Amino acid sequence: MERLLIVDGSSMLVTSYYGLLPKQILFEKDEEKKKQYYDQIMQYNGHYTNAMYAMTKTLKKIEKEQHITHMVICFDTTRDTFRRKEYSEYKAQRSATPEPLKDQFVQMEDMLREIGYAVEMSDEFEADDLAGGAAALFSKEMPTYIITKDHDYLQLIDDNTTLWLVQTQQDKADAINKKYSAIFSDGKGFSLPDKAAQIRPEICLAEYGVRPSQIPDLKGITGDISDNIPGVKGVSSAAAPLLREYGTLDAIYKAIDSCPDAKTEKKLSAFWKEKLGVKRSPINAMKEYRDSAYMSSHLATIRRDVELSHSLDQMSLERLGDTKRREQYEKYGFRSL
């Protein structure tokens, strides 16, 4: 059976970096002091390689155990994508990438290309937009899986696309998978990647309170601290109930706008409290931050119309040769692989 795996390469490489980092660096808060221990990071011929090694090992394991036949790996190249051009504060709070990791991004991308993997990057779009483009183009041709730790990708789930959402602990992933194992089309015995919870449309609704298509509007209201998306202040707990009732941000505002006066607004708030369990009325905040809500939903929406540089055939793992793999593993000292 053919299967396409879309990899959030940036997410996987970052996770790999911190997962194989010396404890002296991992638990040190002072950035300057961390540099004193850089020489303890896994290296070969003057190149930092801990993240590359861990990610390569993960990809090989997934290829084998999840029987992947096609793969595309998507990377971010810059934070100055179209989203930052539209909202200058987008991801502005994020700290600089550590030098040992920054070097490995370039090396990892080069190594994957040399081996023959389909690697997608863009200066205009983020990795999740490239993943969205791949899912839109190819998910109807074969079962498609996406692996990432980023919850933004929940919006890409549909009948043909499954999300392998990486958790911080294996126990958490096991609990989610066990809870919903009865509805997995693959069966209870289907092998999943380490720490991955398998999320289908039904599970997204049950676990996160909204359907996949509602994720952008959910973030439009709640915001997203990790991406510095503002949302609507003080309305987080009401977001999911409102979207379950009305379906979209537009419909929520239509209900609010249909109230001609304070008395009618009070009745609407009472209805929300009684039926939806929304204790504190969000109407004033929703009205005040309307522009922010729509902008935030737009920023949180993954693009699906991005052009890719690889065809589905070029994503086939049959194109990868053992000789190229061996050459690259030897170049970076990955003898155990």
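**Packed helices and enclosed spaces**

Guide: In this structure, helices α10 and α11 are roughly antiparallel to each other, a term used for angles over 145 degrees. The model is a predicted one, in which local features need pLDDT of at least 70 and side-chain atom pairs count only at pLDDT 80 or more, while totals for chains, interfaces and linings use all residues. Residues are numbered from 1 along each chain as its sequence is written, and side-chain values use heavy atoms, with hydrogens and water left out.

Visitor: At what angle do α10 and α11 pack, and how far apart are their axes?

Guide: Two packed helices are described by the angle between their axes and by the distance between those axes. Here α10, residues 215-222, and α11, residues 236-246, pack at an angle of about 150° with their axes 8 Å apart. The axes are lines fitted to C-alpha atoms over the stretch in contact, and angles run from 0 to 180 degrees between N-to-C directions; the helices themselves are DSSP runs (H or I, at least four residues), and strands are E runs of at least two, numbered from the N terminus.

Visitor: Which residues of α10 and α11 meet?

Guide: From α10 come D217, L218, I221 and T222, and they meet S236, A239, A240 and L243 of α11, where contact means heavy atoms within 4.5 Å. The residues of this contact divide into five nonpolar, two polar and one charged. In this scheme Ala, Val, Leu, Ile, Met, Phe, Trp, Tyr, Cys and Pro are nonpolar, Asp, Glu, Lys and Arg are charged, and the others, Gly among them, are polar.

Visitor: How many cavities does a search of the whole structure find?

Guide: Rolling a probe the size of a water molecule over the atoms shows where empty space is left. On a 1 Å grid over the protein atoms alone, a cavity is a set of points where a 1.4 Å probe fits but cannot get out, a pocket is an open set with protein on both sides within 12 Å along at least five of seven lines, and lining residues have an atom within 4 Å of a point. In this structure the search finds two cavities of 30 Å³ or more, and the largest has a volume of about 40 Å³. Its lining includes T56, M108, R325 and Y329, with α6 (99-115) giving the largest share, four residues. The second largest cavity holds about 30 Å³ of space and is lined by R83, Y90, D128, D152, D227, L299, A300 and I302, of which four are nonpolar, none polar and four charged.

Visitor: How much space lies in the largest pocket?

Guide: About 1400 Å³ of space lies in the largest pocket. Among the 42 residues that line this pocket, V14, R79, R94, T97 and F105 are the closest to its centre. Helix α6 supplies the largest share of this lining, six residues, and the lining by class has 15 nonpolar, eight polar and 19 charged residues.

Visitor: Which residues are closest to the centre of the second largest pocket?

Guide: That second largest pocket contains about 860 Å³ of space, and of its 29 lining residues T15, V166, Q167, D194 and K195 are the closest to the centre. Two or more lining residues come from each of α1, α4, β6 (144-148) and α8 (170-179), with α1 giving the largest share, seven residues. By class, this lining divides into 11 nonpolar, 10 polar and eight charged residues.

Conventions. Points joined across faces, edges and corners; volume = space filled by probe spheres on them. Parallel < 35°, antiparallel > 145°, perpendicular 65-115°, else oblique.
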